[in-house]
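Biologist: Let's talk about aromatic rings. Please show me the model first.

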Amino acid sequence: MPALHRSRRSLLAAGAAALASAAAGCLDGQSSRSRTVNDDPSHPPESATTDFAIETLRDPSLDPIIPIGFDPTDPDGGVTDSSDVPATPTPDLADRRLRNRMWFILEDAHRDRLRFRREPEGTDALRSFLTAIDFDSESVVLIQEPIAACYELSTEYVELEDDEFHASRCRKLRPADAACAVDDRHLLVTALRVPQAYESSPSGMGLGTSSNCRPESIETNGGDDA
């Protein structure tokens, strides 16, 4: 549809300047801190690695799939009353304090405590991905966030240290034939399997998003038809 096509391209042009100066997203919680990410992903830091695997789940509804109050270290999963869980995460992608939710799955017990609030198409694949983790040498990072319906995310690289985790992503328009409306938001759940066996959730963690994608970026858009 030409009108939609022009609208999406106009949206990209209007947001390019803001995206080019994007910084790492701040995460809620006392143990989290933000980090500024180089907007030129062609020059990643020396500590960067692309040795990770990804599974994603994208859904048109903003209702959380992973409970916002989920705590993998809590024997009850951190959620005892569903009425305490917000109905939706914020749809405002400019609100960097709230747009991301991140959890570290570091052992079998953490994985067993995860209970999806709802199970749209793709949940079984995500569950299988989590089941295949070798916690002796790997960890899983779960990220749940709203994303503009006409955009997709690619993960450029991650940085891993004993008490640090940072992921650098880029955001770009989905293919022109993707079913979307420029004012809509989707929910995106990303599972990153990384070659770092964290003993506990790192005290330093962050996400960065750039508007410049390298051709070899690893797609994490959760499916073109979502």
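Biologist: Is Phe165 buried or exposed in this predicted model?
Modeller: Buried means under 20% relative accessible area. Phe165 has 0% relative accessibility, so Phe165 counts as buried.

Biologist: Which kind of aromatic pair do Phe104 and Phe165 form?
Modeller: Their centres are 5.6 Å apart, and the planes meet at 85 degrees. An angle over 60 degrees counts as edge-to-face. So the pair of Phe104 and Phe165 is, by that cut-off, edge-to-face.

Biologist: How many residues apart in sequence are the parts that this pair ties together?
Modeller: Phe104 lies in strand β3. Phe165 lies in strand β6, residues 164–173. The pair therefore ties together parts that are apart in sequence by 61 residues.

Biologist: Which residues do ring pairs link into a cluster?
Modeller: Phe104 is buried, with a relative accessible area of 2%. Ring pairs link it into a cluster, and the members are Phe104, Phe165 and Tyr198.

Biologist: How many aromatic pairs does a search of the whole structure find?
Modeller: The pair of Phe104 and Phe165 is one of them. Phe70 and Trp103 form another, a tilted one, with 6.1 Å centre to centre and 50 degrees between the planes. The search of the whole structure finds three.

Biologist: What is the relative accessible area of Trp103?
Modeller: Phe70 counts as buried at 6% relative accessibility. Trp103 is buried too, and its relative accessible area is 6%.

Biologist: Which residue has its charged end over the ring of Tyr151?
Modeller: A charge must be within 6 Å of the ring centre. Here the distance is 4.0 Å. The charged end belongs to Arg171.

Terms used
Residues numbered from 1 in each chain as written. Predicted model: local features only at pLDDT ≥ 70, side-chain atom pairs only at ≥ 80, totals over all residues. Heavy atoms only, no water. Phe/Tyr/Trp six-rings, centres within 6.5 Å; stacked < 30°, edge-to-face > 60°. Buried < 20%, exposed > 50% of the residue type's maximum accessible area, 1.4 Å probe, protein only. Helix = DSSP H or I, 4+ residues; strand = E, 2+ residues; numbered from the N terminus. Lys NZ or Arg CZ within 6 Å of the ring centre and 35° of its normal.
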